[in-house]
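User: I've got this model open and I'd like to talk through a few spots in it. Can we go one question at a time?

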Amino acid sequence: MGLKGFESITQELNAFEKRIIVPLMVRGLSKYIGKDNAINNAAICNKVNSHEDVKYDYKLTNVKCRKVIQYIRLKNLIEGLCSCHKGYYVAANLGEIKECIDSLTQRLNIQKKVRDGLTNNMLKKYNNVDIFKRYNDIA
C-alpha cells in the first residue's frame, strides 16, 4: 500500500523489483563503506538503469530507489545501511550508525511537530466543533 495522497509513486515493490532490483542494489550498495564514500540517489538510479539485468522498459526513479532502500533496511539485507546529505553508505563504525539514527530521530521529531501544528490549525479553523466528522468529510 502506498502513502495516502502519494499512492501512484509509493507503490510496494513488484516481483521484478524484488527478484532483480533488490539484489542488484544490495550488491552495489554494499561496496560503499563509510560516510565519505556515500553514493547519491541519482548515481544509484543511473547504475541500476544501465545494468544488463534491468529490462529495457523498466526505469528506477528517485522515488522508487528510496522505496527499494526502505525495503532493504526493513528486511535488514545490509547491516548498517545509513544515509546522510551525500547519499547512502554502509556504516564503517558504530559512530556512523549512531549519527544516522540521531539524524532520523531529529527528522521524525520535526515531522511530528509539523503534524501537530497542522492538527492545531485544523482544530482552530473548525472551532473544535465536531472535528472528527469534518475531518472525515474532507479526507
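Here are some short questions and answers about helix packing, cysteines, a loop residue and a strand residue.

User: Before we dig in, where do these coordinates come from, and at what angle do the axes of H2 and H3 cross?

Analyst: Keep in mind that this is a predicted model. Helix H2 covers residues 41–49 and helix H3 covers residues 62–74. Their axes come within 9 Å of each other, and the crossing angle is roughly 90°.

User: So are H2 and H3 roughly parallel or roughly perpendicular?

Analyst: Angles from 65 to 115 degrees count as roughly perpendicular. The axes of H2 and H3 cross at roughly 90°, so the call for this pair is roughly perpendicular.

User: Which residues meet where H2 touches H3, and how many of them are charged?

Analyst: From H2 you've got Asn41, Ala42, Ile44 and Cys45, and they meet Asn62, Cys65, Arg66 and Ile69 from H3. Sorted by type, the residues of that contact give 5 nonpolar, 2 polar and, for charged, 1.

User: Cys45 and Cys65 both sit in that contact. Why is there no bond between their sulfurs?

Analyst: A disulfide needs the two sulfur atoms within 2.5 Å. The closest cysteine sulfur to that of Cys45 is in Cys65, and it's too far for a bond. A search of the whole structure turns up 0 disulfides. The gap between the sulfurs of Cys45 and Cys65 is 4.3 Å.

User: What is the relative accessible area of Cys65?

Analyst: Buried means under 20% relative accessible area. Cys45 is buried at 5%. Cys65 is buried too, and its value is 0%.

User: Something looks odd at Asn76. What is its phi?

Analyst: Asn76 lies in the loop between H3 and S1, and it counts as partly exposed at 48% relative accessibility. Although Asn76 isn't a glycine, its phi is positive, at about 55°.

User: Is Ser83 buried or exposed?

Analyst: Ser83 is found in strand S1, residues 81–84. Its relative accessible area is 12%, and the cut-off for buried is under 20%, so Ser83 is buried.

User: Which residue's side chain makes a polar contact with the side chain of Ser83?

Analyst: Leaving aside neighbours within four places in sequence, Ser83 is in contact with Arg73, Tyr88, Tyr89, Cys100 and Arg107. The side-chain polar contact spans 3.1 Å, and the partner of Ser83 in it is Arg73.

Key. Residues numbered from 1 in each chain as written. Predicted model: local features only at pLDDT ≥ 70, side-chain atom pairs only at ≥ 80, totals over all residues. Heavy atoms only, no water. Helix = DSSP H or I, 4+ residues; strand = E, 2+ residues; numbered from the N terminus. Buried < 20%, exposed > 50% of the residue type's maximum accessible area, 1.4 Å probe, protein only. Polar contact = N/O pair within 3.5 Å; in protein donor to acceptor, adjacent residues only side chain to side chain. Contact = heavy atoms within 4.5 Å. Axes fitted to C-alpha atoms, helices over the stretch in contact; angles between N-to-C directions. Parallel < 35°, antiparallel > 145°, perpendicular 65-115°, else oblique. Nonpolar A, V, L, I, M, F, W, Y, C, P; charged D, E, K, R; others polar.
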